[in-house]
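Welcome! Here is a short guided tour for anyone meeting this structure for the first time. Please have a look at the sequence and the model before reading on.

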Amino acid sequence: MSPTANRKVAIVTGAGSGIGRAVAVALAADGYGVAIAGRRAEALAETADAMGSPHTLAVPTDVTDPASVAALFAAVKDKFGRLDLLFNNAGTGAPAVPLEDLTFGQWRAVVDTNLTGPFLCTQAAFRLMKAQNPRGGRIINNGSISSEVPRPFSAPYTATKHAITGLTRSTSLDGRAYDIACGQIDIGNADTAMAERMKAGILQADGAIKVEPVMDVAHVASAVLYMAHLPLDANVQFMTVMATKMPFIGRG
């Protein structure tokens, strides 16, 4: 599709399930050309079916691999001609075990996916957004509630999500001269497969096991769309979208 077709273009990482799938479906329904990225080709195919749009590009991608990320952005440039929105959503966690029992491999896997992956995608997005005409675009990072407070036994995940806040701020500053806006959405207990443990009961800071409320993932997609719809001279720097009664504000 020619960039003169007036169709905005987005990349969604971690699009094979959960929040990524919901956001990709919402963007497609909103008229975007959407490139969906994730490690599992079969999961991406299911997302593409849910999107039901001819303006979809599924690219199996390992965001921890610079060559794989470069191939994703090259494919987007080749098909769509430009990039208006990057949603850095791919993420993973480690087993909920005492910090001293985590292996180096478990730590490294979370850091590579949750921090190095968004950096590599942001770097590739900068190169494309700076060179295209019209110049610029928007990057939205999935920060998670864990960018603000930890859960017990979550050092790798929490550390990387705190680091995403730093990446968001640096990206916002470094992109300013090139009309690249960057914001962050911090999500709490969206009802996806990852939240099943919240509904079953999860460890709290006081050692208790409690069921936590969840919210429809569609609310996350709506929030991302709101951020995406802003003109590039306006930006949501940080937004928190959460289940109202989840134990976050206060002391549980």
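## What covers helix α5

The buried residues of helix α5 are covered by elements that include α4 (104–131), β5 (137–142), β6 (180–188) and β9 (238–242). Keep in mind as you look around that this is a predicted model.

Which residues of α5 are buried? They are Pro156, Thr158, Thr160, Lys161, Ile164, Thr165, Leu167, Thr168, Thr171, Ser172 and Gly175. The helix takes up residues 155–175, and its 21 residues should span 30 Å at 1.5 Å a residue. The C-alpha atoms at its ends are 30 Å apart, so the expected span and the model agree.

## A closer look at threonine 160

Threonine 160 is a good residue to visit within helix α5. Its relative accessibility is 2%, and because buried means under 20%, threonine 160 counts as buried.

What does threonine 160 touch, beyond its neighbours within four places in sequence? Its contacts there are Val110, Val111, Asn114 and Leu115. With asparagine 114 there is also a polar contact between the two side chains, at 3.3 Å.

## The chain as a whole

Stepping back, the protein chain holds 7 helices and 9 strands. Its radius of gyration is 18 Å, close to the 18 Å given by the globule rule for 252 residues, so the chain is as compact as a globular protein of that length. Along the principal axes, the C-alpha atoms fill a box of roughly 55 × 35 × 30 Å.

Of the 252 residues, 48% count as buried. The accessible surface comes to about 11700 Å², and carbon and sulfur atoms account for 55% of that surface. If you take the contacts between residues at least 6 apart in sequence, 67% of them join residues at least 24 apart.

## Salt bridges

Side chains of opposite charge can pair when their charged atoms come close. In this model the count comes to 8 salt bridges. One of them links arginine 135 with aspartate 179, with 3.1 Å between the closest N and O atoms. Arginine 135 sits in the loop between α4 and β5, while aspartate 179 sits in the loop between α5 and β6, so the pair ties together parts that are 44 residues apart in sequence. Both partners are partly exposed: arginine 135 has a relative accessible area of 38%, and aspartate 179 has one of 36%.

Another spot to find is the network of salt bridges that links Asp191, Glu196 and Lys199. Lysine 199 pairs with aspartate 191, the closest N and O atoms being 3.0 Å apart, and glutamate 196 pairs with lysine 199 at 3.1 Å between the closest N and O atoms. Glutamate 196 and lysine 199 are both in helix α6 (residues 196–200), and being 3 residues apart there, they are separated by about one helical turn. As for accessibility, lysine 199 is partly exposed at 35%, aspartate 191 is partly exposed at 33%, and glutamate 196 is partly exposed at 41%.

## Backbone details in the loops

Most residues other than glycine have a negative phi, and most peptide bonds are trans. With that in mind, a few places in the loops deserve a look. Asparagine 133 and proline 134 are joined by a cis peptide bond, with omega about 0°. Proline 134 is located in the loop between α4 and β5.

Phenylalanine 153 has a positive phi, near 60°, and is a residue other than glycine. You will find phenylalanine 153 in the loop between β5 and α5, where it is partly exposed at 41% relative accessibility. Asparagine 189 also has a positive phi near 60°. This asparagine belongs to the loop between β6 and α6. Is asparagine 189 buried or partly exposed? At 8% relative accessibility, asparagine 189 counts as buried.

## A last stop at glycine 31

Glycine 31 lies in the loop between α1 (18–29) and β2 (33–38). Its relative accessible area is 29%, and glycine 31 is partly exposed. Apart from its neighbours within four places in sequence, glycine 31 is in contact with Arg7 and Lys8. Serine 53 is 22 residues away from glycine 31 along the chain, and the C-alpha atoms of the two are separated by 8.8 Å.

Methods
Residues are numbered from 1 along each chain as its sequence is written. This is a predicted model: local features need pLDDT of at least 70, side-chain atom pairs count only at pLDDT 80 or more; totals for chains, interfaces and linings use all residues. Side-chain values use heavy atoms; hydrogens and water are left out. Helices (H or I, at least four residues) and strands (E, at least two) are DSSP runs, numbered from the N terminus. The expected span of a helix is 1.5 Å times one less than its number of residues. Buried means under 20% relative accessible area, exposed over 50%, partly exposed in between (1.4 Å probe, protein chains only). Contact means heavy atoms within 4.5 Å. A polar contact is a pair of N or O atoms within 3.5 Å; within protein, one must be able to donate a hydrogen and the other to accept it, and residues adjacent in sequence count only if both atoms are side-chain atoms. The radius of gyration is taken over C-alpha atoms; the globule rule is 2.2 Å times the number of residues to the power 0.38. Accessible areas come from the Shrake-Rupley method with a 1.4 Å probe; for residues, only the protein chains shown count as cover. A salt bridge is a side-chain nitrogen of Lys or Arg within 4 Å of a carboxyl oxygen of Asp or Glu.
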